[in-house]
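New to this structure? Have a look at it below, and then we can walk through some questions together.

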There are 2 protein chains.
Amino acid sequence: MTHQRQVLYEVMKTMHGHPSPEEVYAKVKKKVPAVSLATVYKNIHLFVESGIFREVSLHHGSQRVEMNREPHHHMVCSRCKSITDIGERDLGLSGKHGRLPGGFLVERYSVDVIGICAKCQQS
Amino acid sequence: MTHQRQVLYEVMKTMHGHPSPEEVYAKVKKKVPAVSLATVYKNIHLFVESGIFREVSLHHGSQRVEMNREPHHHMVCSRCKSITDIGERDLGLSGKHGRLPGGFLVERYSVDVIGICAKCQQS
DNA sequence: GTTCTTGCAAAGGATTTGCATCCTC
DNA sequence: GAGGATGCAAATCCTTTGCAAGAAC
């Protein structure tokens with residue numbers, strides 16, 4: 001537990017919304033001017049790995065295009081990041097009808113089920 | 001409607017799953033060896049913009065860390081990509097209990113509501 | 001012909017990595 | 001003192017862009 005890791009954690013705890021590593025870096029720099037962006041990245045990665053913080057959406061390394069035209073959602077393995085489709089019915093979710101808070105106009109729902117795929121469960 | 005755009009579209013129609021631009025590029029290259037990756041990117045972007053294809057999850061430019069520890073989901077504006085939290089209750093979704101197809105072990109649900117935020121609706 | 005598209009290479013942004021040095025325990 | 005963490009810079013990956021040459025209508 002180093003000083004910068006401690007400060008990084010404290011700073012992040014006070015933040016709201018969905019900050020990017022750059023934004024966290026900017027805040028930490030105010031308390032520890034010599035801190036490097038690499039350190040911020042390394043520690044955020046560590047925090048997310050250990051479950052202390054969570055990332056908003058899993059990155060798949062690159063953009064992915066959806067080929068399944070049926071209404072469906074995704075099962076995303078938190079280990080290998082594989083994406084498997086799951087039909088709306090199988091998932092058992094039903095979107096709320098009507099307006100959402102703040103006047104947000106709904107186009108579609110995109111549900112990711114995060115978990116461990118069968119293959120990763122074996123290893 | 002150029003030749004490479006036509007081929008790109010035809011190739012993509014035959015693909016399954018969630019291919020990356022690189023994967024699409026590799027397939028198109030077999031039919032049009034001189035095609036460039038830039039062209040593939042440009043056209044995929046065009047297809048997604050016009051709604052012919054859809055991207056699996058919206059990119060926010062960089063990683064985002066979740067600071068809200070309450071159970072909640074996200075409203076993501078398809079124009080400005082802003083992320084707004086929405087409580088589980090407000091969203092009116094309830095996850096299915098029990099096992100999912102393929103033995104997928106559920107850790108959590110991550111629901112993104114894709115649409116247009118109030119601010120973007122005005123402009 | 002005019003406009004849009006292509007291919008190439010260079011630029012760009014986000015993130016990771018190698019490595020020598022420095023800090024914790 | 002050993003092992004892990006830091007800072008720096010270079011490297012990497014994914015994606016976009018500028019621009020001259022080429023295709024489409």
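**Meeting the DNA strands and the two chains**

Q: Which side chain has an N or O atom 2.8 Å from a sugar or linking oxygen of DNA strand D?
A: This is a predicted model, in which local features need pLDDT of at least 70, side-chain atom pairs count only at pLDDT 80 or more, and totals for chains, interfaces and linings use all residues, while side-chain values use heavy atoms and leave out hydrogens and water. Residues are numbered from 1 along each chain as its sequence is written, and chains are lettered from A and ligands numbered from 1 in the order in which they are written. The pair in your question is a polar contact, meaning a pair of N or O atoms within 3.5 Å. The side chain that supplies the protein atom is that of A:Gln4.

Q: How many residues are around DNA strand D?
A: A residue counts as near a strand if one of its heavy atoms lies within 4 Å of it. Among those that come nearest to DNA strand D are A:Thr2, A:Thr39 and A:Gln63, and B:Tyr41 from chain B joins them. The number of residues around DNA strand D is 19.

Q: Which part of A:Ser36 lies 3.1 Å from a phosphate oxygen of DNA strand D, backbone or side chain?
A: A:Ala34 is a helpful guide, with a backbone N or O atom 3.2 Å from a phosphate oxygen of DNA strand D. For A:Ser36, the N or O atom that lies 3.1 Å from a phosphate oxygen of that strand also belongs to the backbone.

Q: What percentage of the atoms of DNA strand D within 4 Å of the protein belong to sugar or phosphate?
A: Bases make up the rest of those atoms. The share that belongs to sugar or phosphate is 78%.

Q: How many charged residues does the surface near DNA strand D have?
A: Ala, Val, Leu, Ile, Met, Phe, Trp, Tyr, Cys and Pro count as nonpolar, Asp, Glu, Lys and Arg as charged, and the others, Gly among them, as polar. Sorted this way, the surface near DNA strand D has eight nonpolar and eight polar residues. The charged residues there number three.

Q: Which residue of chain A is among the closest to DNA strand C?
A: Let's turn to the other strand. DNA strand C is surrounded by 20 residues, and the closest include B:Thr2, B:Gln4, B:Thr39 and B:Gln63 from chain B. Of the atoms of DNA strand C that come within 4 Å of the protein, sugar and phosphate account for 77%. The chain A residue in the list of closest residues is A:Tyr41.

Q: Which residue has a backbone N or O atom 2.7 Å from a phosphate oxygen of DNA strand C?
A: Two side chains of chain B also reach phosphate oxygens of this strand: B:Thr39 has a polar side-chain atom 2.7 Å from one, and B:Asn43 has a side-chain N or O atom 3.4 Å from one. The residue whose backbone atom lies 2.7 Å away is B:Gln63.

Q: How many polar residues are on the surface near DNA strand C?
A: Eight residues of this surface are nonpolar and three are charged. The polar residues number nine.

Q: About how much area do chain B and chain A bury between them?
A: The contact (heavy atoms within 4.5 Å) takes 63 residues from chain A and 63 from chain B. Buried area is the accessible area (1.4 Å probe) that two parts lose on being put together, summed over both. Here 58% of it is on carbon and sulfur atoms, and the total is about 5900 Å².

Q: Which residues of chain B lose the most area to chain A?
A: Together they account for 13% of what the chain B side buries. They are B:His18, B:Phe104 and B:Arg108.

How values were computed: Polar contact = N/O pair within 3.5 Å; in protein donor to acceptor, adjacent residues only side chain to side chain.
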